[in-house]
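Ready for a quick tour of a protein model? Have a look at the picture first, and then we'll go through it piece by piece.

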2 protein chains.
Amino acid sequence: MSDHPVEAFEPPYYVAVFTTVRTENQSDYRETNARMEELVRDIPGYLGMDHAQNPGGLGITVGYFRDAEALAQWRSNAEHRAAQARGRADWYRSYTLHIAKVERSHGFTRTD
Amino acid sequence: MSDHPVEAFEPPYYVAVFTTVRTENQSDYRETNARMEELVRDIPGYLGMDHAQNPGGLGITVGYFRDAEALAQWRSNAEHRAAQARGRADWYRSYTLHIAKVERSHGFTRTD
């Protein structure tokens, strides 16, 4: 995750849009998040991730996956499931997850 | 757009995921953005918007729409199209837009 947005791939592909508001208790969050970023890269069909965070407020993470199988594999990963449970127990005040199939995409990059 | 994430609606609905990196030239950006937020609320089928911004870096805006017709109406809005052209001319170093149909969603809110 850098400050280059993930590119527009050829549809169809999937996005997982995860919006969060966190609690004050962020114990182990950073380490677990780093571990999740490492794990998801091993999923065949994982295409990339964008993340933005309002300081002290809303965060949005968008994961990009080639197909439903890639998403299913990530969803069923045991370490990922443990991290989700920890998130509900400790880190998140609220979150929403939207799983969606991309029908159209385009990108723009300034050339000057 | 507040620090409550938009809720999980009953699928199907659409997300428009817009990731951006901005230039140094943000002249008129704030006013235009406020005007766009005002305009989009008039689109029948507009459901809401989430936005997060890394200070000085990547921004992600997610718009939620009930159906493809709502998105098409927003896409063809003349003031919106003018703002998009201005964005490419001045405000954005790069951006990516992903239009996707939500198949599954869920939300979590802490109760304690």
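## Where two helices meet

Which residues in α2(A) and α3(A) meet each other? On the α2(A) side they are W74(A), R75(A) and S76(A), and on the α3(A) side they are A78(A), H80(A) and R81(A). Keep in mind as you look around that this is a predicted model.

Sorted by class, this contact of α2(A) with α3(A) has two nonpolar, two polar and two charged residues. How do you describe such a pair? Two packed helices are described by the angle between their axes and by the distance between those axes. Helix α2 of chain A covers residues 68-76, and it packs against α3(A) at an angle of about 65°, with the axes 5 Å apart.

## Another partner for α3 in chain A

Now look at helix α1 of chain A, residues 29-40. Helix α1 packs with helix α3 (residues 78-91) of chain A at an angle of about 150°, and their axes are 11 Å apart. Angles over 145 degrees count as roughly antiparallel, so α1(A) and α3(A) are roughly antiparallel to each other. Their crossing is left-handed.

Who makes this contact? From α1(A) come Y29(A), T32(A), R35(A), M36(A) and L39(A), while α3(A) brings E79(A), H80(A), A83(A) and W91(A). Split by class, the residues of this contact are five nonpolar, two polar and two charged. You've met H80(A) before, by the way: H80(A) is also one of the α3(A) residues that meet α2(A).

## Over to chain B

How is chain A related to chain B? Two copies of a chain are related by a rotation about an axis and a shift along it. Here, a rotation of 180° with 0.0 Å of shift along its axis puts chain A on top of chain B, with an RMSD of 0.0 Å. That's the relation of a two-fold axis. Also, 100% of the interface residues of chain A are interface residues in chain B too, so the copies meet through the same surface.

Chain B has its own packing of helix α1 (residues 29-40) with helix α3 (residues 78-91), at an angle of about 150° and with the axes 11 Å apart. That makes α1(B) and α3(B) roughly antiparallel to each other, and their crossing is left-handed. In this contact, Y29(B), T32(B), R35(B), M36(B) and L39(B) of α1(B) meet E79(B), H80(B), A83(B) and W91(B) of α3(B). By class, the residues here are five nonpolar, two polar and two charged.

## Three residues to find

Start with T20(A), which sits in strand β1 (residues 13-22) of chain A. Is T20(A) buried or exposed? With a relative accessible area of 7%, T20(A) is buried. If you leave aside its neighbours within four places in sequence, T20(A) is in contact with G57(A), L58(A), G59(A), Y92(A), S94(A) and Y95(A).

Next, hop to D50(B) in strand β2 (residues 46-53) of chain B. D50(B) is buried as well, with a relative accessible area of 1%. D50(B) and E7(B) are 43 residues apart in sequence, and 10.0 Å apart in space from C-alpha to C-alpha. Last comes E69(B), in helix α2 (residues 68-76) of chain B. E69(B) is exposed, with a relative accessible area of 55%. Between E69(B) and I43(B) there are 9.8 Å in space, C-alpha to C-alpha, and the two are 26 residues apart in sequence.

Terms used:
Residues numbered from 1 in each chain as written. Chains lettered and ligands numbered in written order. Predicted model: local features only at pLDDT ≥ 70, side-chain atom pairs only at ≥ 80, totals over all residues. Heavy atoms only, no water. Axes fitted to C-alpha atoms, helices over the stretch in contact; angles between N-to-C directions. Helix = DSSP H or I, 4+ residues; strand = E, 2+ residues; numbered from the N terminus. Parallel < 35°, antiparallel > 145°, perpendicular 65-115°, else oblique. Left-handed = near helix turned anticlockwise from the far one by under 90°. Contact = heavy atoms within 4.5 Å. Nonpolar A, V, L, I, M, F, W, Y, C, P; charged D, E, K, R; others polar. Least-squares fit on C-alpha atoms with pLDDT ≥ 70 in both. Buried < 20%, exposed > 50% of the residue type's maximum accessible area, 1.4 Å probe, protein only.
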